[in-house]
Amino acid sequence: IPPTDKILVIEKNLDQVVPLIREAMQQKGIGLLWGTANLFRDPAYAHGAATSPEPDVFAKAAAQVKKMLDVTAELGGEGFVIWPGREGYDTLLNVDFKLSLDLLGSFLGAVADYAQEIGFKGQLLVEPKPMEPMRFMYVSDVMSLYAILRMHGLMGKFKANIEANHATLANRAFQHELRLARVLGLLGSIDINQGDFFVGWDVDRFPTDLYDATFAAYEV
């Protein structure tokens, strides 16, 4: 798909590609675990997508999620992940914190409503992320996700997609995040990317620590 800001062009391209993907999946016997929308790469999302103070940017993010939910449903996806990688801030001097939380809650609520409208049967997920690229993130760990869902009456509509390396970046044990999610009824999916305690960003590698892997399996 050629890079473009024209959402209608992107959707038209997706409409041509998705049937080919579905055909290939059927031929290979491959299923779709979950879909997502890229709400972080576009420069328009520099100050947030779901929490952007610009109505046009908020609407653009909503349009992307809407289309990708349609695509995920068409491909029989078992879940859909909201990855709030740009939902944060660098300094409290230029952000309305309460407004940002309300915008995020409204966005998630709209996602849940649309999923129900189109009859999407998969699990809706939010992936906590503590940093990279923003210094401070609104959904930094399982507990902050729980607080936001409770704050906006969204409990039962979303669960957590927990990445091992994001737990590391949040100075949490991976098992802690899994246990907390399980206790709070938010354990939905796991991204087993282990990360590295000496590197402050994703390294996207499989788990190599026997104890971490065993503790994760124990929680499941």
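# A tour from the cavity to the core

The largest cavity has a volume of about 40 Å³. The model you have open is a predicted one, and the count of cavities of 30 Å³ or more comes to 1.

**Stop 1: the cavity lining.** Select Pro128, Ser140, Asp141, Ile162, Glu163, His166, Ala167, Ala170 and Glu177; these residues line the largest cavity. Colour them by character, and the lining divides into 4 nonpolar, 2 polar and 3 charged residues. Which elements each supply at least two residues of this lining? They are strand S6 and helix H5, the latter spanning 164-169.

**Stop 2: the loop after H5.** Move on to asparagine 171, in the loop between H5 and H6. Check its backbone: phi is positive, about 60 degrees, although asparagine 171 is not a glycine. Is asparagine 171 buried or exposed? It counts as exposed because its relative accessibility is 71%, and the cut-off for exposed is over 50%.

**Stop 3: the paired strands.** Now show S2 (79-82), S4 (123-126) and S6 (159-163). S2 and S4 pair in the parallel sense, over 4 bridges. To see one of the pairings, pick valine 81 and its bridge partner in S4, leucine 125. On to the next pair: S4 and S6 are also parallel, with 2 bridges. Here, select valine 126 and look opposite for alanine 160 in S6.

**Stop 4: the nonpolar core.** Hide the backbone and turn to side chains. In soluble globular proteins, nonpolar side chains tend to be buried together. The largest nonpolar core in this model has 41 residues, and the members touching the most others are Val65, Leu69, Leu124 and Phe158. Two or more core residues come from each of the helices H2 (55-74), H3 (97-117), H4 (142-151) and H6 (174-184), and from each of the strands S2, S4 and S6. Which element gives the largest share of the core? It is H3, with 8 residues.

**Stop 5: phenylalanine 158.** Finish by centring the view on Phe158, one of the core members with the most contacts to other members. Leaving aside residues up to four places away in sequence, what does phenylalanine 158 touch? Select Ile82, Leu108, Val111, Ala112, Gln123, Leu124, Leu125, Val126, Leu149 and Leu186 to see these contacts. Among them are Leu125 and Val126, already met at the strand stop: leucine 125 as the partner of valine 81, and valine 126 opposite alanine 160.

Methods
Residues numbered from 1 in each chain as written. Predicted model: local features only at pLDDT ≥ 70, side-chain atom pairs only at ≥ 80, totals over all residues. Heavy atoms only, no water. Core = buried A, V, L, I, M, F, W, Y, C linked by side-chain atoms within 4.5 Å. Buried < 20%, exposed > 50% of the residue type's maximum accessible area, 1.4 Å probe, protein only. Contact = heavy atoms within 4.5 Å. Pairing = 2+ DSSP bridges. 1 Å grid on protein atoms, 1.4 Å probe; cavity = no way out; pocket = protein on both sides within 12 Å on 5 of 7 lines; lining within 4 Å. Points joined across faces, edges and corners; volume = space filled by probe spheres on them. Nonpolar A, V, L, I, M, F, W, Y, C, P; charged D, E, K, R; others polar.
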